[in-house]
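Reader: I would like a close look at a single part of this model, please, taken slowly and with each term explained as it comes up.

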Amino acid sequence: MGLLDGKSGIVTGAAQGFGLATARRLAEEGAAVALVDIKADEVNAAAASLVSEGLHVIAITADVSDEDATIRMLDEAEKAFGSLNFIHQNAAIQVEKLLHETTLDEWDRLMAVNLRSMFLGAKHILPRMMRSGGGSIVNSASVLSMSADEVLPLYSVSKHGVLGLTRGIAVTEAYAQAGIRCNCICPGDIRTSMVEQYWAAQPDPASAEAETTAHYPMKRIGEPREMADTVLYLVSDLSSFVNGTSIVVDGGVMAKVY
Ligand SMILES: NC(=O)c1ccc[n+]([C@@H]2O[C@H](COP(=O)([O-])OP(=O)(O)OC[C@H]3O[C@@H](n4cnc5c(N)ncnc54)[C@H](O)[C@@H]3O)[C@@H](O)[C@H]2O)c1
């Protein structure tokens, strides 16, 4: 018996990193999962690898910042699985620059991928979930939904927006009474290519990595599977009265000032 037997849904940004770990974890608990990513070859390979392990997954290539692609993604997953009980909205990008060095195009693209995508995904899955008896929406936010980093100002703005969107959905009585819950996860640093890219953008990448790790009480950053376990909780019925919350999974770093 798995925690998610009989459930089906979508994980975006699932070709690698946190999204791939979530897709695997949810499928291990019995869910049918559509892995969605803009990178076609990578998401196909990721899904094929999970299928070879006996997990029930499919791959869908889509740019989640695009409305037509989002609707197609939902149609394809719904057609494959019959209904959609969950979505982990996880795809995101970052731009590592001081604010005054950032271009308008970079702002527009980042907001489209990190925030518009979550609006579009929610907008188009909510009516489906209301028709099918409810569901769980989990958004990837960040500790930067509640704080900032001098070379990630746009990213931080977008993740503050994810927190607001999550709360906006959660407090809507029509959704809550239809059995829909919406929450977000706020990870600290996770060992994925996003963090490696951040370190690489610093003047001295090796000391940037050491500095990041040293800041954590556990003297390490998080692993993708540790985040995936939290998404599993939020998707499953174990969290049936958890709605509108932001779960910080950061090894204690946000509790620290100095
Ligand atoms: N890595 C961290 O330290 C960290 C910390 C806090 C929050 N997060 C959040 O966790 C989530 C996953 O991060 P990650 O570290 O796994 O990142 P990652 O860069 O390793 O993976 C992101 C995935 O999203 C996909 N993607 C990008 N744009 C897309 C688009 N327009 N449409 C569809 N797919 C798209 C990428 O191809 C990639 O596979 C993100 O929301 C990120 O902001 C990450």
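**Val95 and the ligand's surroundings**

Author: Val95 is found in the loop that runs between β4 and α4, where helices (H or I, at least four residues) and strands (E, at least two) are DSSP runs numbered from the N terminus. This is a predicted model, in which local features need pLDDT of at least 70 and side-chain atom pairs pLDDT 80 or more, while totals for chains, interfaces and linings use all residues. Residues are numbered from 1 along each chain as its sequence is written, and side-chain values use heavy atoms, with hydrogens and water left out.

Val95 counts as buried because its relative accessibility is 14%, and buried means under 20% with a 1.4 Å probe and protein chains only. Although 106 residues separate Val95 from Ala201 in sequence, their C-alpha atoms are 9.6 Å apart in space.

Turning to the ligand, 30 residues surround it, and those that come nearest are Asp37, Asn90, Tyr155, Ile190 and Thr192; a residue belongs to this group if one of its heavy atoms lies within 4 Å. Three of these side chains can be followed to an oxygen atom of the ligand, each through a polar atom: the distance is 2.6 Å for Asp37, 2.5 Å for Tyr155 and 2.4 Å for Thr192, where a polar contact is a pair of N or O atoms within 3.5 Å. The ligand taken alone exposes 830 Å², of which the protein buries 94%, by the Shrake-Rupley method with a 1.4 Å probe.

Several helices build the shell around the ligand: α1 (17-28), α4, α5 (153-170) and α7 (193-200) each contribute at least two residues, and α7 has the largest share, with 3 residues. By class, the shell holds 15 nonpolar, 9 polar and 6 charged residues, with Ala, Val, Leu, Ile, Met, Phe, Trp, Tyr, Cys and Pro counted as nonpolar, Asp, Glu, Lys and Arg as charged, and the others, Gly among them, as polar.

Asn90, one of the residues that come nearest the ligand, is also among those that line the largest cavity, together with residues including Thr12, Ile87 and Ser117. The elements giving two or more residues to this lining are α3 (67-81), β4 (86-89) and α4 (104-132). A cavity is a set of points on a 1 Å grid over the protein atoms alone where a 1.4 Å probe fits but cannot get out, and lining residues have an atom within 4 Å of a point. Here α4 gives the most, with 3 residues, and the lining as a whole has 5 nonpolar, 6 polar and no charged residues.

Key. On a 1 Å grid over the protein atoms alone, a cavity is a set of points where a 1.4 Å probe fits but cannot get out, and a pocket is an open set with protein on both sides within 12 Å along at least five of seven lines; lining residues have an atom within 4 Å of a point. A polar contact is a pair of N or O atoms within 3.5 Å; within protein, one must be able to donate a hydrogen and the other to accept it, and residues adjacent in sequence count only if both atoms are side-chain atoms. Buried means under 20% relative accessible area, exposed over 50%, partly exposed in between (1.4 Å probe, protein chains only).
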